[in-house]
Amino acid sequence: MTEEPIVKPAEDAAVAAAPPISRVLTSHVLPRVLLAALPVASLGLLSPVPSLVIAVRRGARADWLAFAAFTAVTMAWILQIAFTPEETHGFQFAADLLLLLLATAGAAVHCLLAWPSAETARSAE
């Protein structure tokens, strides 16, 4: 005698309603990763772009403030590069490094954490 596993109807409905993994990856994970890679690949020069995409997509005030913050960081970094000598030490070097890290890693982490999750996007559809 073989016993068949008892499956609850709610579990069947959840499994049937779940989209295929490839669709979730291409529609939610891939854009998130590509946008998060943009500030890193451009060395922070395009750091406001992921925040702008998130702000346009969600429209929340906090998202627009994040966009403004990353724009300010990018502009401060560009000004820091323009007005500091080629060989810097001490405070100027630390400020340059901090602005570079905020513009690259900060924007990438923000994009990965602030992007709507698959569940949020699925409930919106």
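1. Residues 24 or more positions apart account for 63% of the contacts in the protein with a separation of 6 or more, where a contact means heavy atoms within 4.5 Å. The structure is a predicted model, in which local features need pLDDT of at least 70 and side-chain atom pairs count only at pLDDT 80 or more, while totals for chains, interfaces and linings use all residues. Residues are numbered from 1 along each chain as its sequence is written, and side-chain values use heavy atoms, with hydrogens and water left out.

2. On the overall make-up, the secondary structure comes to six helices and zero strands, and from the N terminus on the elements run α-α-α-α-α-α. Helices (H or I, at least four residues) and strands (E, at least two) are taken here as DSSP runs, numbered from the N terminus. Of the 125 residues of the protein, 29% count as buried; buried means under 20% relative accessible area, exposed means over 50%, and partly exposed lies in between, with a 1.4 Å probe and protein chains only.

3. Helix α4 deserves a closer reading. This helix covers residues 61-83, which makes 23 residues, and reaches 33 Å from its first C-alpha to its last, close to the 33 Å expected at 1.5 Å a residue; the expected span is 1.5 Å times one less than the number of residues. Its buried residues are Asp63, Ala66, Phe70, Val73, Thr74, Trp77 and Gln80, and these pack against α3 (48-58) and α5 (91-114).

4. Two residues of α4 can be followed individually. Thr74, placed in helix α4, counts as buried at 5% relative accessibility, and, when residues up to four places away in sequence are not counted, Thr74 touches Gly44, Leu45, Ser47 and Pro48. Ile78 is also found in helix α4, but counts as partly exposed at 36% relative accessibility; the C-alpha atoms of Ile78 and Asp96, which are 18 residues apart along the chain, are separated by 9.5 Å.

5. Which side chains meet in a salt bridge? A search of the whole structure finds one such bridge, defined as a side-chain nitrogen of Lys or Arg within 4 Å of a carboxyl oxygen of Asp or Glu, and it joins the side chains of Arg58 and Asp63 at 2.7 Å, N to O. As a general matter, side chains of opposite charge can pair when their charged atoms come close. The two partners may be read side by side: Arg58 is partly exposed, with a relative accessible area of 41%, whereas Asp63 is buried, with a relative accessible area of 4%.

6. Asp63 also enters a second relation, this time with Val53. Val53 lies in helix α3 and counts as partly exposed at 32% relative accessibility, and the C-alpha atoms of Val53 and Asp63, ten residues apart along the chain, are separated by 9.3 Å.

7. The structure holds one aromatic pair. Trp64 and Phe67 form this pair, which is edge-to-face, with 6.1 Å centre to centre and 85° between the planes. By the rule applied, rings of Phe, Tyr and Trp (its six-membered ring) pair if their centres lie within 6.5 Å, and planes under 30 degrees apart count as stacked, over 60 as edge-to-face and the rest as tilted. Both residues lie in helix α4, three residues apart, about one turn of the helix; Trp64 is partly exposed, with a relative accessible area of 37%, and Phe67 counts as partly exposed at 22%.

8. The largest nonpolar core has six residues, namely Leu35, Ala36, Ile54, Ala108, Cys111 and Ala114. The elements that give two or more residues to this core are α2 and α5, and the largest share, three residues, comes from α5. A nonpolar core is here a set of buried Ala, Val, Leu, Ile, Met, Phe, Trp, Tyr and Cys residues joined through side-chain atoms within 4.5 Å.

9. Finally, the loop between α2 and α3 holds two residues to inspect. Ser42 lies in this loop and is buried, with a relative accessible area of 16%, and a polar atom of its side chain lies 3.4 Å from the backbone oxygen of Pro39. Leu43 is found in the loop between α2 (21-41) and α3 as well, but is exposed, with a relative accessible area of 53%; Leu43 has a positive phi of about 55° although it is not a glycine.

Note on methods. Polar contact = N/O pair within 3.5 Å; in protein donor to acceptor, adjacent residues only side chain to side chain.
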